[in-house]
Every structure is written in structure tokens, then in C-alpha cells.
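Let's take a look at the disulfides in this one. Here is the structure to follow along with.

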Amino acid sequence: MKIMRSMLRKLIAVSSFLAMLALSLWVGQPARCYAQTQTPDAQPKVAALREPLPGDTSSTNSTPVPAARPAAAPEPEITVAIEKELATMKARIEQLETELAELKGRAPAKPTSSASVANPGKPVGPTPAVTTATTAGPATGALTGWLAQPTASSPSQSSDTASAKKEKIAPFSDWDWTWLNGNPRNKDTAFDSKFFTPEIRADITYNYNFNKPVDNSEGGSSEIFRSNEIGIEQLGVGGDFHYDNVRARLMTQFGMYSTTTVRNDPSYAKGQWQLNDAYRYLSEAYGGYHINALNGINIDAGIFMSYIGLFSYYNYDNWAYQPSYVSSNTPWFFTGVRIQIFPNPHLKIEPWIINGWQSYASANTRKGIGGQIKWTPRPWINVISNNYGLGHDDLYIPNRGRIHTDNSVEVKYFDKPGQFLDKMAFSFTGDMGCEFGPSTATLAGVSCLGNKKDALGPVSANFPKGGVDPKQSFIGYMIYNRMWFKKDLYGLTIGGGQINNPGRYLVLLPPINGETASSAAINAPYFTGNPGDPFKAWDSSITFDYMPKQWITFRWEADYRHANVPYWSGHGGVTPPGSGGVPYTNNGSPQFFACMDGNTSGSLSLSGAQTACAGQGSSVWFPDLRKDEMLVDFDILVKF
């Protein structure tokens, strides 16, 4: 409105000037000649019209002016000059009227509310400061010459500039973070509205395992599950809802994820209502509210991503398809409440109150707590720390606690957009954790700080004399280096990692005879997870990406993985021969040893199974597990 009032004042000034100029046509010719002899600057012209004529004594002489004055013949040169001046003034007025009409029809720019500023679930457009500056600038800049107001003395522009400086920007929106591992690389939003931002994901994969398992089944991964087959890893449909500070997010997980992710959570086996069936097709489902404080505060409740281990649950977002153990073996999701606090645009503090460690329910009575701190002090570095504790997450072991810390740094150390090799970055992640709790008359205890003496420590295969609570810990790391070529058309990633997890409490169970986390909590006859059981492993991978559009990635990857104990699926597979002669069919009792005829032995111990299978005219069946695995996969990844 200030700009409109300024424009109106200028129009009035121009109109007055034009009227005064026209009035001069009716004054005597000497006056017109005098005016035309002045400098062409506009302001002296106006002054000359108001000055007395040379020799004119009407203001001091009382001699009356003659009643009749002969009209002087107009001079052609002077008339043409005046007509040109009038035409110029008319054009200027028309131009100003056009600009004024545009200003009236243009809606004033609304400042971005802090609800959208600190709502990371909704894509963020240009910052309000930029919008305000570019809107106010041309309105004044279009006025040039004697109508222009000095920029330094324009109170409206100074006020707009001051308010623009005070506008808050959306957290992590002022720099480009599409290079990050675990972050989608889309620079644009395919579709958006005031109420809903849709999101669609598709992950299709073909994997070839050089161990050639006859049952096409693979284990030890949260990303790769079937060999020598084309499979749908995930089809996700959903998006973000956002209106009047209220927010919600929904994302489905049709495909392999709806089975393979669920089987790693034992908590649903406690009690009724089968939460594994209720939630299996949801990867994210939460609702919440945004508070306009600091740079934004979000309070959400439901199922949300954890990002422990840096990599995203969605493979499109990652530098590699198969991440190393510190990512693959740690939580992909939590169920509970999170509070996202943004003290400034480059810092997030996010506490959690959750049911447990990647669980739909609570394995025991105690809930878990944790949180994330994310800090981006410069556009080339990202620092993340995730921490978890308090929860009792081992099903049927109520006195065993768990703590874990996960810390990552990502650095972009080369950025030359004009070169063939245009960008390079690396990520490093280090994890440590343990479980603790004393032995009881019925439960084995474990210790964080080495093998601890405990009179109630049971006799076991690892400690035949008993009296010890074995060390139960986790330590690991992974490092990846990424290179982009030809304006990010191609990508090449090399990386790997290593873990040591005595007690195997975070090792992904091989799917032997349909084994799941809930059945292993009762007994895992083939790949045990007893206190003191060793597990050390390392892996490496090389990944090539072709990214012709920001919405799609074609990926080729080769992985090699090694463990110090038999763990990976071998040629013989991990599925029993099948009851009644049907090959490679689970018998429905993974907690017991199986017989070579496919039937269950009904025994938790090997000696008992040998007796039971012999009574059936058979012998005990064993899966084919190997210490090494090499595989290649080809993937098509889509995200809108």
C-alpha cells in the first residue's frame, strides 16, 4: 500500500505539471519563448512558468492592462516542441497508470508462517527474505529519472528490508543437501498443494547369489532376500498432510518389506491382536502438531523412521543398496512419540519415547527412550548422533537392558560442477552398544564390561563351569566414498564395514525353516544367540548409478561379505526338504530341529532330535550355511 500511495502522488505531480504546461499555451508568446529558452531539465521548466515575465510590471505597476490584446501568430517550431513535450508526458502518465494497475491487481506477498518454516515433512520453497526483496525491488526500480525516489531515503523499502531480515527460514533449507547418504536427491517436488504433498516410491530388484541356494532364499540382510529372481522390494504410496499447523504422514510398504521387516520384531508375540498383521503394510504412519516457537517444534506420534545407522530405509535415498552391518542390523523404525526441536536452521534436537528397539509393541514392561541430534554448520558437512537406552527389548527376559550410540559424519570434500568429476563425498559411521542384567534362577545374565562373575550364572556351552555373566556388546563401523560424474548423471560408491557382536543380539537371524525373531526368542536350534556366542563379520561393496532424471535411479552393485562362523545361505539352502516329500517347505516349527523327511523332531536339543528323527526312520536335517557370500544386484529405484 505504501508503494501504491507513492505512485498516486507521482501521478498527481505529473498531472499538475501537464495542466500547468497546457495553461502556458494561453499566456502571451513572450512567456512561451522564455520558457523554451530554459534548460531542458523538468524542474526549471516549472519554476519558469511561475516567474514574472521580463519587463512585466503588473505586479508593481498600477497601470491597467489593455482590455483587448491582439493574438500573436503562433511560431511553428515552438508549437512542434510543445506537442512533443505533451506526447512525452502523456506516454509517461500512461506508463505509470499501467504500473499502478498492476500493483493494485497484485496480491501482497504474505510472510511465510513458522508453521511451514519448521515443518520438514512439507517441501519448502524460496525463503521469505528472498521473496520480499525481489517483490519490493522492481516496484521502485521501475521509476527512473526525476520521478524516482532515492533508495536510501525510501522508508517503505527500508521497512521491507528490515522485516525480510527477521523472517525465519525452514530448517536445513538454505543449502543443497541432495548429496547426503540417506537423503533423497530430488531437487523439485512433482506435485504439491496447500493440504497434501504426495509421495510415491518403487523399488524393484534382481539379485544373483554366487552360492546359488536351491531354495532361492538369502539371509543376513534387511535389503536382499531372494536369489536369481526379479522381486518388488517396496511399493510405497502416501505423502504428507499439512494444514493449520496440523501434520500427518502415511507411507505404505507393499512388497518384500511387508514380510521381511516385520519378522525381525519379536514384540508382537507377547499378548493378543497380532500387531505384525495390523502394521505390516505401513512403513510410516503418524500424526502431530507444529508449534510456532524457536525455528519450529513438531510433536508426532505413531510409526516413524529411526535413521540409526545413517542409511535410509528407502534404497532410493542411499549411496548403496546393501548397507553394512551397523546400518542393516540396527532399527529402521520406531513406534512411539518424538519431539523435533529446531533451535536454529542448522540444528535439530529430537527426543523419543518409544515402545522399544524397532518394535511395534513392548517386549517387556519398560519403554525405551532415546533421541537424535543433527547439526549442519556448513553446506559441506552433516553430523548426526543417535542414542538409545532404558528399554528392555529381549522377549521373555524382563531384566535385561540395552544401550546404544550411533554417530555419523558426512563430508563433501570436492565440488566442481563444471568438471566431468563434479563432486566427491564420504560418510563415516561408528556404533557402540551393549546389554546388561544379572542372572536369576531361571534367566542367564549378561554384562557390558567384559565377563562378570555371578554366582547364579548358568552352565552353558561357552562357560561349562557357570558362574559368569558373559560380555554382550556391539561395536562396528562403516565408511563409504561417493563420486558423481557429468553433472550428477553417474555415481560411483565404494565402501564397507565391520562389526563384533558377542551374544549376537543384533545379528539378523538366518530364515532357517521360517525362523523369526519371535520364534528365536523361544529357541533357535541352528544359529543360536546365547550369551557369549561369537560373531565377527566384515563386508565391502561397489555401486554404480545411472541417474538420467531426478525421479529414477538405475543401479548395479556387487557385494562381498564374510563372517567368522557359518552364516550365509549356501547351495543347499536354509529350507527343510519338506514334509510328505514336498521339497523346500517349512514345517511350521522353526524352534525345533527338523528331520530329513521334512517333519519336525519336536525337540529343542540335538540329542533329543536325533532320537526323534531316528524313530521316524530319518535323521536330523541341517541347513547349508557358509562363511562367505558374493552377490550382484540390479535395481530400478523410483521416487516422486
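## The overall picture

Searching the whole structure turns up two disulfides. Keep in mind that this is a predicted model. If you count the bonded cysteines along the chain, the pairing runs 1-2, 3-4.

## Cys434 and Cys448

Let's start with Cys434, which is bonded to Cys448 with the sulfur atoms 1.8 Å apart. The torsion about this S-S bond is about 75°, so you're looking at a right-handed disulfide.

Where do the two cysteines sit? Cys434 is part of strand S11 (residues 421-436), while Cys448 is in the loop between S11 and strand S12 (452-453), so the bond ties together parts that are 14 residues apart in sequence. As for exposure, Cys434 and Cys448 are both buried.

## Cys595 and Cys613

The other pair is Cys595 with Cys613, and here the S to S distance is 2.0 Å. This link is left-handed, with -85° about the S-S bond.

Cys595 belongs to the loop between strand S18 (568-569) and helix H12 (606-615), and Cys613 is in helix H12 itself, so this disulfide ties together parts that are 18 residues apart in sequence. Cys595 and Cys613 are both buried too.

## Side by side

To put the two together: the Cys434 and Cys448 disulfide is right-handed, whereas the one between Cys595 and Cys613 is left-handed. On the first link, one end is in strand S11; on the second, one end is in helix H12.

Methods: Residues are numbered from 1 along each chain as its sequence is written. This is a predicted model: local features need pLDDT of at least 70, side-chain atom pairs count only at pLDDT 80 or more; totals for chains, interfaces and linings use all residues. Side-chain values use heavy atoms; hydrogens and water are left out. A disulfide is a pair of cysteine sulfur atoms within 2.5 Å. Helices (H or I, at least four residues) and strands (E, at least two) are DSSP runs, numbered from the N terminus. Buried means under 20% relative accessible area, exposed over 50%, partly exposed in between (1.4 Å probe, protein chains only).
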